[in-house]
Amino acid sequence: RMLEIPIDVEKAIMLLKLGHTKKIDVGCVTSLEGKKVSEPMYFLESAGIGLDAQFQKFFKKYENGEIGMIWNILKLLFLFYKSRIGLTIDGKTTFVKATLVNISNGPLAGAALQVAPDAKLNDHYLTVALYKIEVWDLILYFIKTIFKRPTLKKSEADFIAGKKVAVDSYKKLPIHLDAREFYKTPVEFEVKPSALTVICGFPHEKYSALVS
């Protein structure tokens, strides 16, 4: 979706033959759980912290056949409280309370949900998405993003671009990287500009994930 690749298989094959490419950025984890990583760890879409990561972990287990995880997911939605985190973006530190914290490389994540609507895959920045609304309002917001581009008030969410991002918390919070790998805070990220060459379509939509 973000690479403007057609859903239609034949059109996608035509695009593959055409071989039109762009360089996109990659998110990179440089420090994890208080220690520098020996080898960089990468993500293409986003890294989620707190509610997002816990949901992804439970859902992954459910997909692998652990039916009981449905109960854990429901409990998570009812019992989750906003987390207080220390956030450092390009050397500037602030403390915030948020329902969901997402470090995005592009605007979409998961099932094509608009997590960071204005982020671009090749703008050489990571976008920190801080959602401050309650869990049920957050679910309603993401449902709306499937059909349109809803707006949020400044008091409901912040979107901050940066090249280096560090997240810490009083209570260790779960982290996911593209819903594949799971760890805990503290964590440090940085963007790797133009690190990956991909075959892609031609940006034409008003809200394209690619800088033309």
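**Salt bridges, strand pairing and surface charge**

Arg180 has a relative accessible area of 43% and is partly exposed (buried means under 20%, exposed over 50%, and partly exposed in between, with a 1.4 Å probe and protein chains only). The model is a predicted one, in which local features need pLDDT of at least 70 and side-chain atom pairs count only at pLDDT 80 or more, while totals for chains, interfaces and linings use all residues. Residues are numbered from 1 along each chain as its sequence is written, and side-chain values use heavy atoms, with hydrogens and water left out.

Arg180 forms a salt bridge with Asp178, the closest N and O atoms being 4.0 Å apart (a salt bridge is a side-chain nitrogen of Lys or Arg within 4 Å of a carboxyl oxygen of Asp or Glu). In contrast to its partner, Asp178 is counted as buried, because its relative accessibility is 19%. Asp178 also takes a positive phi near 50 degrees in the hairpin of S12 and S13, where three residues lie between the strands (strands are DSSP runs of E with at least two residues, helices are runs of H or I with at least four, and both are numbered from the N terminus).

A further salt bridge joins Glu190 to Lys192, with 2.9 Å between the closest N and O atoms. Glu190 is buried at 17% relative accessibility, and Lys192 is partly exposed, with a relative accessible area of 29%. Elsewhere, Asp178, Arg180 and Glu181 belong to one network, joined by salt bridges that share partners.

By the stated rule, the count comes to five salt bridges. Among them is the contact between the side chains of Glu188 and Lys36, at 3.4 Å from N to O. Glu188 lies in strand S14 (residues 187-199) and Lys36 in strand S2, so this pair ties together parts that are 152 residues apart in sequence. Glu188 has a relative accessible area of 31% and is therefore partly exposed, whereas Lys36, with 64%, is exposed.

The strands that hold these residues are also linked by backbone pairing (two strands pair if DSSP finds at least two bridges between them). Strand S1 (residues 21-32) pairs with strand S2 (residues 35-43) in the antiparallel sense over five bridges. Within this pairing, Cys28 has Tyr42 in S2 as its bridge partner. S1 and S2 form a hairpin with two residues between them, and Glu33 in the turn has a positive phi of about 55 degrees. S1 also runs antiparallel to S14, to which 10 bridges join it. In S14, Val187 is the residue opposite Leu32.

S14 is further paired with strand S11 (residues 164-169), in the antiparallel sense and over four bridges. The bridge partner of Lys164 in S14 is Glu190, the residue that forms a salt bridge with Lys192. Asp168 also lies in strand S11 and is partly exposed at 41% relative accessibility. Asp168 and Gly34 are 134 residues apart in sequence, with 9.2 Å between their C-alpha atoms. Phe202 is placed in the segment after S14 and, at 46% relative accessibility, counts as partly exposed. The C-alpha atoms of Phe202 and Lys22 are 9.7 Å apart, although 180 residues separate the two in sequence.

Strand S12 (residues 174-177) is covered on both faces, with Pro174 and His176 buried on one side and Ile175 and Leu177 buried on the other. Three bridges join S12 to strand S3 (residues 46-50), and the two strands run antiparallel. His176 in S12 is the bridge partner of Gly48. S12 is paired in the antiparallel sense with strand S13 (residues 181-184) as well, over four bridges. Here Pro174 stands opposite Lys184 in S13.

Lys184 is also one of the residues of a positive surface patch, formed by Lys57, Lys61, Lys171, Lys172 and Lys184. Patches are made of residues with over 30% relative accessible area and no salt bridge, like charges being joined within 9 Å and nonpolar side chains (Val, Leu, Ile, Met, Phe, Trp, Tyr) within 5 Å. Areas come from the Shrake-Rupley method with a 1.4 Å probe, only the protein chains shown counting as cover for residues. Lys and Arg count as positive and Asp and Glu as negative, His and the chain ends not being counted, and the place of a charge is taken as NZ of Lys, CZ of Arg, CG of Asp or CD of Glu. Lys57 of this patch is located in helix H2 (residues 51-63) and is partly exposed at 35% relative accessibility.
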